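Dear colleague,

Please find below the structure that I agreed to pass on to you. I would ask you to look at it first and then to read the notes that follow.

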Amino acid sequence: MQNYAHILLATDFSDNSNLIADRAKALADSFKAKLSLLHVVDNLPIMDTAYGPDIPFDIDLTEELMKAAKIRLTKLAGQLGVPASSQWLEFGSPKLEIVRVAEENEVDLIVVGSHGRHGLALLLGSTANGVLHYAKCDVLAVRLKDD
Ligand code: AMP
C-alpha cells in the first residue's frame with residue numbers, strides 16, 4: 001500500500017465527526033504522516049437564496065460563523081494534536097475548498113465522511129461525492145451510519 005505523507009481531515013463538526021477524526025488520526029499515526037484539519041464555512045445558506053445574487057453578503061453573520069467554527073476547529077485540533085499551522089478554516093463551497101486546500105498543500109489522502117445516501121441526494125451530490133469527483137489525490141470516505 002502507498003505510504004501516505006500528508007492526510008487532510010475535512011470535518012463538518014457533525015455528531016459523527018469524531019469517528020472520522022479517529023480514523024484519520026489512526027491512519028496518520030500508522031503512516032507517520034502529517035495530519036491537517038479543515039473546516040469550510042459553507043456559503044450556501046447566504047448565497048443560494050430564492051432572492052438571487054443581488055442580496056448583499058451578511059458580513060456580520062459570516063464573521064460570527066467563522067468565529068464559532070474557529071473555536072470548534074481549535075478544540076478538535078487540540079484533541080488530535082494538530083498544530084495551528086496545519087489547521088485550515090475556509091469560506092465557500094465545502095467540496096471545492098477541500099479539493100483546493102488539498103492541492104495547494106500536497107495532500108495525498110483526503111478523509112471525509114459518507115452517509116451513503118441514495119436517490120435525489122445522490123443525484124444532487126454530497127460533499128463526499130464532490131470531493132471524490134474533483135480530487136486529484138486519494139479519498140477515503142468513512143462510512144457513517146444513516147440516521
Ligand atoms: P455531507 O456530504 O454533507 O454529508 O458531508 C460528507 C463529509 O464531507 C463530512 O463527513 C465531512 O467529512 C465533509 N464535509 C462536509 N461539509 C464540510 C464542511 N463544511 N467542511 C469540511 N468538511 C465537510
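An oxygen atom of the ligand lies 2.7 Å from a polar backbone atom of Thr-127 in this predicted model. The protein covers 90% of the 480 Å² of accessible area that the ligand has on its own. Two further contacts involve the backbone. At Gly-113, a backbone N or O atom is 3.0 Å from an oxygen atom of the ligand. At Thr-11, a polar backbone atom is found 3.3 Å from a nitrogen atom of the ligand.

These three residues belong to a wider shell. In total, 16 residues surround the ligand, and Thr-11, Gly-113 and Thr-127 are among the closest, together with Ala-10 and Val-40. By residue type, the shell consists of eight nonpolar, six polar and two charged residues.

Which strands and helices each supply at least two residues of the shell? They are strand S2 (34-42), helix H4 (94-104), strand S4 (109-114) and helix H6 (127-134). The largest share comes from S2, which provides three residues.

The two helices in that list also pack against each other. The axes of H4 and H6 are 8 Å apart, and the angle between them is about 40°. Is H4 therefore parallel or oblique to H6? The angle makes H4 oblique to H6, because it is neither under 35 degrees, which would count as roughly parallel, nor within the 65 to 115 degrees that count as roughly perpendicular. The crossing in which H4 passes H6 is right-handed.

I suggest that you locate Thr-127 in the structure and then turn to Gly-113 and Thr-11, whose backbone atoms also lie close to the ligand.

With kind regards

Definitions and conventions:
Residues are numbered from 1 along each chain as its sequence is written. This is a predicted model: local features need pLDDT of at least 70, side-chain atom pairs count only at pLDDT 80 or more; totals for chains, interfaces and linings use all residues. Side-chain values use heavy atoms; hydrogens and water are left out. A residue is near a molecule or strand if one of its heavy atoms lies within 4 Å of it. A polar contact is a pair of N or O atoms within 3.5 Å; within protein, one must be able to donate a hydrogen and the other to accept it, and residues adjacent in sequence count only if both atoms are side-chain atoms. Accessible areas come from the Shrake-Rupley method with a 1.4 Å probe; for residues, only the protein chains shown count as cover. Helices (H or I, at least four residues) and strands (E, at least two) are DSSP runs, numbered from the N terminus. Ala, Val, Leu, Ile, Met, Phe, Trp, Tyr, Cys and Pro count as nonpolar, Asp, Glu, Lys and Arg as charged, and the others, Gly among them, as polar. Axes are lines fitted to C-alpha atoms, for helices over the stretch in contact, and angles run from 0 to 180 degrees between N-to-C directions. Angles under 35 degrees count as roughly parallel, over 145 as roughly antiparallel, 65 to 115 as roughly perpendicular and the rest as oblique. A crossing is left-handed if the near helix is turned anticlockwise from the far one by less than a right angle, and right-handed if clockwise.
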